[in-house]
Amino acid sequence: MTEPVPATAENIAAAAAVLRQGGVVAIPTETVYGLAANAFDAIAVARVFEIKRRPSFDPLIVHIGDLRMLESVTSAVPATARRLVERFWPGPLTIVLPKSEAVPSIVTASAPTVAVRWPSHPVAQAVIRQAGVPLAAPSANRFGEISPTRAQHVGRALGELVDMILDGGPSEYGLESTIVSLVPSPAVLRPGAIEAEAIAEVIGPLSEGRTLGEGMVTPGSLPHHYAPRTPVLLLDHAGEAESGRERAGWLGLGPEPEGYAYARSLSRSGNLREAAAALFDAMHELDGRSLERIDVEPVPERGIGVAIMNRLRRAAAVHS
Ligand code: TXA
Ligand code: MG
């Protein structure tokens, strides 16, 4: 059983060595924890798929630590991408670009494109720099389950399977990165910590798109995803779900209502950024309480609220 270890200089160096030798390490990022392997090592990447039980048609994000690494994993970087890089990297934005020959096809699920991100988390940056290679890293959870925002979430779900878990504290954003594709035209494939409006300000209008061509769909856009085991009921009108509250949990904004077995406010003041950072941690916590269902109050769909509602609808879709 691998327990999380603090991200000290010594443990970061050890993690980098494990990665260079083909190992799999869970690392903190500013969005969620990632399950990292050397992106150029197809066998190490295969282990990531195995550990996550992730279908091989679902490509991984490649994490880089400088622009030289961006050149090494892509075959072309259009001017629009350069503008996004300048404005948002390092940070919670993933950009889909034409891939280079150096990236094994297992990483991209045989797609001609690669999803790239330069994380801002200092521990992620140190690990990438010391490993000296880009890291392919999906979120460090089993396929379809809730992404981890704390090292302990990873330990509980995957502790038996990974070589090392670096604890860098709770994730700052708590939601996965925004994925923007520039191939063939700019589109947001997954809403995330960076709002679509902010991206449009830099590169102009985006087309509504989620297909990747050739029948491939961004799996983060499958209706069933990010789901706790406990059924989630997304409340859409007042007075709904009045019965059975003594065996149910509640999640929402503002003060906790009376009558629930357990209620957790994502932000008492209604701050959406705070709510995003708390969302997955709250879902993990409620899922561990043997409740019959989790009632979730919708949040306003503005700013990061768009990404929050995207995750909540998928969590609820599993059981409906
Ligand atoms: O914040 C994040 O993005 C986190 C941290 C660890 O960086 N990672 C993450 O990875 O959420 P994952 O694997 O859980 O989600 C990556 C999504 C998948 O839905 C995948 O289909 C999509 O990125 N993706 C990867 N490569 C792609 C490509 N070439 N074209 C389109 N979508 C791609
Ligand atoms: Mg994921």
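Two strands count as a pair if DSSP finds at least two bridges between them. Keep that in mind for the close-ups below, which come from a predicted model.

**View 1. Strand β5 has a parallel partner, β9, and an antiparallel one, β6.** β5 and β9 pair in the parallel sense, and four bridges hold that pairing. Look for V96 here: its bridge partner in β9 is S181. Now turn to β6, which covers residues 113-117 and runs antiparallel to β5, residues 93-98. Four bridges join these two strands as well. One spot to pick out is P98, which stands opposite T113 in β6. If you're wondering what pairing involves, strands of a sheet pair through backbone hydrogen bonds, either parallel or antiparallel.

**View 2. A hairpin takes the chain from β9 to β10.** The link between the two strands is five residues. β9 and β10 pair in the antiparallel sense, over three bridges. Find I179 and then its bridge partner in β10, R190. Which way do the residues of β9 point? T178 and V180 go one way from the strand, while I179 and S181 go the other, and all of them are buried. As a rule, in a regular strand the side chains alternate between the two faces of the sheet.

**View 3. Here's the whole sheet, with its 10 strands.** Reading across, the order is β1-β8-β2-β3-β7-β4-β6-β5-β9-β10. The sheet is open, and its pairing is mixed. The edge strands are β1 (5-6) and β10 (187-190), each pairing on one side only.

**View 4. Strand β8 runs parallel to β1 and also to β2.** Two bridges join β1 to β8, which is made of residues 164-167. Within this pairing, P6 stands opposite D167 in β8. Strand β2, residues 25-27, is joined to β8 by two bridges too. There, V25 stands opposite M164 in β8.

**View 5. Helices α1 and α5 pack against each other at an angle of about 50 degrees.** α1 spans residues 9-20 and α5 spans residues 122-131, with the axes 8 Å apart. The two helices are therefore oblique to each other, and their crossing is right-handed. Who's touching whom? From α1 come I12, A13, A16, L19 and R20, and from α5 come V123, A126, V127, Q130 and A131. Sort the residues of this contact by type and you get eight nonpolar, one polar and one charged.

**View 6. Zoom in on T149, in the loop between β7 (135-136) and α6 (151-158).** Is T149 buried or exposed? Its relative accessible area is 2%, and buried means under 20%, so T149 is buried. Leaving aside residues up to four places away in sequence, T149 touches V32, Y33, G169, P170, S171, G174, F280 and D281.

**View 7. N141 sits in the loop between β7 and α6.** N141 is buried, with a relative accessible area of 6%. Its contacts are K52, I146, S147, P148 and L158, again not counting residues up to four places away in sequence. How far is N141 from I128? The two are 13 residues apart along the chain, and their C-alpha atoms are separated by 20 Å.

Methods
Residues are numbered from 1 along each chain as its sequence is written. Chains are lettered from A and ligands numbered from 1 in the order in which they are written. This is a predicted model: local features need pLDDT of at least 70, side-chain atom pairs count only at pLDDT 80 or more; totals for chains, interfaces and linings use all residues. Side-chain values use heavy atoms; hydrogens and water are left out. Axes are lines fitted to C-alpha atoms, for helices over the stretch in contact, and angles run from 0 to 180 degrees between N-to-C directions. Angles under 35 degrees count as roughly parallel, over 145 as roughly antiparallel, 65 to 115 as roughly perpendicular and the rest as oblique. A crossing is left-handed if the near helix is turned anticlockwise from the far one by less than a right angle, and right-handed if clockwise. Contact means heavy atoms within 4.5 Å. Ala, Val, Leu, Ile, Met, Phe, Trp, Tyr, Cys and Pro count as nonpolar, Asp, Glu, Lys and Arg as charged, and the others, Gly among them, as polar. Buried means under 20% relative accessible area, exposed over 50%, partly exposed in between (1.4 Å probe, protein chains only).
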